[in-house]
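This briefing is for a reader who is new to the structure shown below. Please keep the sequence and the 3D view at hand while going through the points.

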Amino acid sequence: MTPSRDISRLIEIMAQLRTPVSGCPWDLEQNFSTIAPYTIEEAYEVVDAIARGDLDDLREELGDLLLQVVFHARMAEEQDAFAFGDVVEAITRKMIRRHPHVFADKDGNLTPGHVKDVWERIKAEEKAERAARRPAQERERTSLLSGVKAGQPALVRAMELQRKASTVGFDWNDPRAVLNKIREETDEIEAALDRNDMDEMAEETGDLLFALVNLARHIGADPEVALRGTNAKFERRFAHIERALAAQGRSLEDASLDEMDELWSEAKEQE
């Protein structure tokens with residue numbers, strides 16, 4: 001089998017990988033749940049390539065992300081649920097419906113602001129249609145928070161859950177109140193440490209992260225962007241430690257923690 005610019009070749013490759021006996025053992029044992037983390041990871045790789053301005057890498061990462069779509073579609077086809085073509089049809093129908101100013105004579109001269117209004121109105125209609133297709137029992141259990149998508153990254157979903165709750169007044173009015181909550185959560189983590197309760201430590205750490213997202217929301221910061229900035233800062237300072245030690249003809253393994261801390265402080269001062 002040879003490479004191709006035709007999407008059908010990629011679909012054929014995935015079908016062959018998922019063919020019992022003759023296919024790939026790893027691919028065959030996967031399911032929607034096991035592949036989902038890779039789908040998220042590939043989406044982040046696309047974002048990273050964009051942030052670095054690396055278009056060659058972006059081409060490769062978009063291919064990896066497309067593979068995830070083909071993989072999920074193939075597994076669904078094996079269950080007689082839908083195929084890749086159905087995915088394409090669904091998104092093309094949605095894009096045509098959401099752009100009546102482009103694909104229909106009606107509303108042909110909308111301003112950008114009106115386009116957004118039309119987009120939001122049609123999205124709301126689609127959401128109502130999807131809700132109407134759900135079983136009656138499920139519709140009865142609809143919550144204020146049910147519209148927050150479960151598949152989002154945890155930081156993003158925490159922010160959205162908090163925003164939704166705040167629309168009905170379930171929120172703090174002062175960032176300092178959130179700080180008090182953060183202190184409360186750190187005390188609870190310390191208590192769990194004293195008890196050596198690993199499950200409780202994990203749970204309380206989650207509570208702390210949720211409170212930190214709440215603080216970011218109250219001060220108008222994006223927690224994902226803030227954490228990315230801190231990650232970059234950590235990398236810069238750690239690289240300084242590596243360079244400083246290398247200049248001395250030493251490796252990280254040769255240095256003590258105190259020495260590395262001193263070099264870290266040096267890097268911090270230089271910034």
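Asp56 and Arg59 both lie in helix H4, three residues apart, which is about one turn of the helix. Their side chains meet in a salt bridge, at 3.5 Å from N to O. The model is predicted, and helix H4 (residues 55-78) is where its confidence is highest, at a mean of 97.

**Salt bridges in and around helix H4**

- The count for the structure comes to 19 salt bridges.
- In the pair within helix H4, Asp56 is exposed because its relative accessible area is 51%, and exposed means over 50%.
- Its partner Arg59 has 52% relative accessibility and so also counts as exposed.
- Another salt bridge joins Glu77 and Arg74, whose closest N and O atoms are 3.7 Å apart.
- Glu77 and Arg74 are separated by about one helical turn because they stand three residues apart in helix H4.
- Glu77 counts as partly exposed at 35% relative accessibility, and Arg74 counts as partly exposed at 23%.
- A further salt bridge is made by the side chains of Arg18 and Glu78, at 2.6 Å from N to O.
- This pair links distant parts of the chain: Arg18 sits in the loop between H1 and H2, Glu78 sits in helix H4, and the two are 60 residues apart.
- Arg18 is buried, since its relative accessible area is 9% and buried means under 20%.
- Glu78 is partly exposed, with a relative accessible area of 33%.
- A network of salt bridges links Arg18, Arg74, Glu77 and Glu78.

**Loop residues with a positive phi**

- Val21 is not a glycine, yet it has a positive phi of about 75°.
- The place of Val21 is the loop between helix H1 (7-17) and helix H2 (25-28).
- Val21 is exposed, with a relative accessible area of 86%.
- From Val21 to His240 the separation is 219 residues in sequence and 51 Å in space, taken from C-alpha to C-alpha.
- Asp80 is also not a glycine and has a positive phi, of about 60°.
- The loop that holds Asp80 runs between H4 and helix H5 (84-98).
- Asp80 has a relative accessible area of 74%, so it counts as exposed.

**Charged patches on the surface**

- Lys123, Lys127, Arg130, Arg133, Lys149 and Lys164 form a positive surface patch.
- Helix H7 (residues 112-133) gives the most to this positive patch, with four residues.
- Arg133 is found in helix H7, and with a relative accessible area of 63% Arg133 is exposed.
- A patch of negative charge gathers Asp258, Asp261, Glu262, Glu266 and Glu269 on the surface.
- Glu269 lies in helix H13 (residues 257-270).
- The relative accessible area of Glu269 is 69%, so this residue is exposed.

**A nonpolar patch on the surface**

- Leu144, Leu145, Val168 and Phe170 make a nonpolar surface patch of about 420 Å².
- Leu145 is placed in the loop between H8 and helix H9 (154-166).
- Leu145 counts as partly exposed, at 34% relative accessibility.
- Leu145 can belong to such a patch because the members need over 30% relative accessible area, and Leu145 has 34%.

**Confidence of the model**

- The protein has a mean pLDDT of 89.
- Of its residues, 93% reach a pLDDT of 70 or more.
- Confidence is lowest in helix H8 (residues 136-140), where the mean is 59.
- Helix H4, which holds the salt bridge between Asp56 and Arg59, is at the other end, with the highest confidence.

Note on methods
Residues are numbered from 1 along each chain as its sequence is written. This is a predicted model: local features need pLDDT of at least 70, side-chain atom pairs count only at pLDDT 80 or more; totals for chains, interfaces and linings use all residues. Side-chain values use heavy atoms; hydrogens and water are left out. Patches are made of residues with over 30% relative accessible area and no salt bridge: like charges are joined within 9 Å, nonpolar side chains (Val, Leu, Ile, Met, Phe, Trp, Tyr) within 5 Å. Accessible areas come from the Shrake-Rupley method with a 1.4 Å probe; for residues, only the protein chains shown count as cover. A salt bridge is a side-chain nitrogen of Lys or Arg within 4 Å of a carboxyl oxygen of Asp or Glu. Lys and Arg count as positive and Asp and Glu as negative; His and the chain ends are not counted. The place of a charge is taken as NZ of Lys, CZ of Arg, CG of Asp or CD of Glu. Buried means under 20% relative accessible area, exposed over 50%, partly exposed in between (1.4 Å probe, protein chains only). pLDDT is the predictor's confidence in each residue, from 0 to 100.
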